[in-house]
Amino acid sequence: MRNIWRRYKSPLLGALFQWLFLLLINTDSMFFAGIRGDAGQRIEIGKFYLCFTELLSLGILIFFWCGASLVIRKVRENNLFYRRGAEIFFAYFSIQMALLVILWPGTWAWDDIMVLQYRLQFYEMLAWQHIITCIWQMTLLHIMPFPGGIVLLQQVFIAICVSVSLVILESDFGLRRIGNKFFDFLVKMFPFLMPPVLLYQYSGYRIGMLVYLELLCVVLLARTLQGKYNRKGVFILAILLAITAEWRSENILYLVLWFLALYLLKRKGMKTWICLAGAVLCLFTFITLHRIQKASMGNPYVYSISSTMRPAVALLKKADSQRDKKEVEALEKIIDENYVREHPEANGEIVFVQTEIGLRDISSNDYNDYMRALFKLAIRYPGTFLGERFSVFSDAMGIGGAVAQVTNVQHAAHLMDDSYPNDQLDFLRNSRWALTKPRFSGLRERFVLALGQQDNTGKAKVLYFVLWNGFIPLILLVGAFGVKLIKRKWIESVLIGMLLIKAGIVILAEPSPWIMYFLPQYLVGYVVLSFYIVKILSNRKQERMD
């Protein structure tokens, strides 16, 4: 402990003084409206979140200051791992900041603004984008109290994830370096500059940060399974995997994978107490976050009902009123049959919103009956169920064009367009939060539309069907999975296979054709492509030398 204090005394004091200075000048007043006092319980919850996230903000500052100190020291010692990491970090971060100047205050669109509007400014949580998202953003707002500040600080963490991931891939997984530094950087960076990835990483949606956290976890997990780990690294990875597993429902697979990894590592010689500590730490973090999320949701069944509403409505329309009477009655406890009959063109998402299912108090019995009926009807009418699921999936992949695929392009592009109908954008435009106005409004709108490959009306341009095509990276992942299986690269096979299984889960449960649900597969698919491009170019260079 004494050595740690001696080594990090200056950065620790720097972080503490910065934190105290932010408290002293009351930066919170630039964003937060205070704790709402219409209920005693709400006041207590607000006070808890205020104190908790203030302490977390101190932790973030300590991480920044001490992390920077560590990197500077390692670079001065000519540590090749840190030198290469710093090189990638600053090159990529420079691009991020240039893009942020154009995209300022970020690509905010809809749900992400609702989180700020209805809850965070009152030190409260809106669990729809997950409690982790709320805690994360509230913590960042204590440091930079404006929406653009969230986006800016996220870019720092994203740049860290990218630089660490690429350095590990280079040092441990054979990702070679091309002779031309500029071309080497271009090939390895292009997956992180693909338009769908960019437009979400500059937004307030959880997927913008989560997709990079997933990439880092996959790379660290692969490295750990190779036997390259230390005690501290195992514990850090356990916490990161717990956060990743809870942040989106389908990510529960990471929890399963972690326990399997610990079992294999134990057989390879990892100390028993480290395995047990890694398992307990991961499970404790996951359960704690899950319980907070469940309590914050109010009605715990609403989210899963929203995810299954599209196939449920399609099956309700298909079901026979006599033969399937019991299942129909169970579905109608949740679904408004009259609305469905009066609006035959309405899909499940529209039914969910228009009949305000999310505001109803749904009992556990009604929910369980609904899910059982849905499962039975899906088995009884597989064509209807699979047809509806494939239709949503193909739209999410961009096959049906920009109108069918749901993205944040149009909302983000028209942030400052008063004639564009969006209640959340209206709120952000009229808020008194600092630094919410774009510096270059016209350029920003044209740039977002260019990234989205759409015109002002949402009509797709030619490159849209390539850049926003989700099938391409999925096919790349399937191909890489096959290659790794043939070569018996079991670690890579399992990790890529897990991403493909995740995609299958999303296909079965996606409530709407958002490409963001497949963004982890999209990003990793292009990382795989980048890896093989480098490999091919390196092999050709080696052949010429021979």
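Two residues are taken to be in contact where heavy atoms lie within 4.5 Å of each other. The structure is a predicted model, in which local features need pLDDT of at least 70 and side-chain atom pairs count only at pLDDT 80 or more, whereas totals for chains, interfaces and linings use all residues. Residues are numbered from 1 along each chain as its sequence is written, and side-chain values use heavy atoms, with hydrogens and water left out.

Asp324 is placed in the loop between H13 and helix H14 (325-332), where helices are DSSP runs of H or I with at least four residues, strands are runs of E with at least two, and both are numbered from the N terminus. With a relative accessible area of 0%, Asp324 is buried, a term that stands for under 20% relative accessible area, as against over 50% for exposed and partly exposed in between (1.4 Å probe, protein chains only). Neighbours within four places in sequence being left aside, Asp324 is in contact with Ala319, Leu377, Arg380 and Tyr381. Of these partners, Arg380 lies 56 residues from Asp324 along the chain, and the C-alpha atoms of the two are separated by 9.6 Å. A second acidic residue, Glu388, has its place in helix H18 (residues 382-396) and counts as buried at 13% relative accessibility. Leaving aside neighbours within four places in sequence, Glu388 is in contact with Arg310, Pro311 and Ala314.

The nonpolar interior was examined next. A nonpolar core is a set of buried Ala, Val, Leu, Ile, Met, Phe, Trp, Tyr and Cys residues joined through side-chain atoms within 4.5 Å. The largest such core holds 140 residues, of which Leu120, Phe192, Tyr212, Leu221 and Trp258 touch the most other members. Helix H9 (residues 206-225) supplies the largest share of this core, 14 residues. Apart from it lies another core, of 28 residues, which includes Val328, Ala346, Ala378 and Phe385. When residues up to four places away in sequence are not counted, Trp258 touches Leu221, Val234, Leu237, Ala238, Leu241, Gly278, Ala279 and Cys282. Gly278, one of these partners, is in helix H12 and counts as buried at 0% relative accessibility. On the same reckoning, with residues up to four places away not counted, Gly278 touches Phe235, Ala238, Trp258 and Leu262. The C-alpha atoms of Gly278 and Met297, which are 19 residues apart along the chain, are separated by 29 Å.

Open space was assessed on a 1 Å grid over the protein atoms alone, a pocket being an open set of points with protein on both sides within 12 Å along at least five of seven lines, whereas a cavity is a set of points where a 1.4 Å probe fits but cannot get out; lining residues have an atom within 4 Å of a point. The second largest pocket has a volume of about 1,600 Å³, the volume being the space filled by probe spheres set on the points, which are joined across faces, edges and corners. Its lining comprises 46 residues, and the closest to the centre of the pocket are Asp111, Met114, Leu126, Trp128 and Phe352. Two or more lining residues are given by each of helix H2 (40-76), helix H4 (111-119), helix H12 (272-296), helix H13 (302-318), helix H16 (348-354) and helix H20 (423-430). By class, the lining has 24 nonpolar, 13 polar and nine charged residues, where Ala, Val, Leu, Ile, Met, Phe, Trp, Tyr, Cys and Pro count as nonpolar, Asp, Glu, Lys and Arg as charged, and the others, Gly among them, as polar.

Backbone geometry was also considered. A cis peptide bond, with omega of about 5°, joins Trp104 and Pro105, and Pro105 is found in the loop between helix H3 (80-103) and H4. Tyr123, in the loop between H4 and helix H5 (131-143), has phi near 60°, a positive value in a residue other than glycine, and counts as buried at 7% relative accessibility. Gln453 likewise has a positive phi, near 50°; this residue is found in the loop between helix H21 (441-452) and helix H22 (464-467) and counts as buried at 13% relative accessibility.

Cysteine pairing was assessed with a disulfide taken as a pair of cysteine sulfur atoms within 2.5 Å, and by this rule the count comes to zero. The sulfur of Cys66 is 18 Å from the closest cysteine sulfur, in Cys161, and is therefore too far for a bond; Cys66 is buried, with a relative accessible area of 13%. For Cys275, the closest cysteine sulfur is in Cys282, at 13 Å, which is likewise too far for a bond, and Cys275 counts as buried at 9% relative accessibility.
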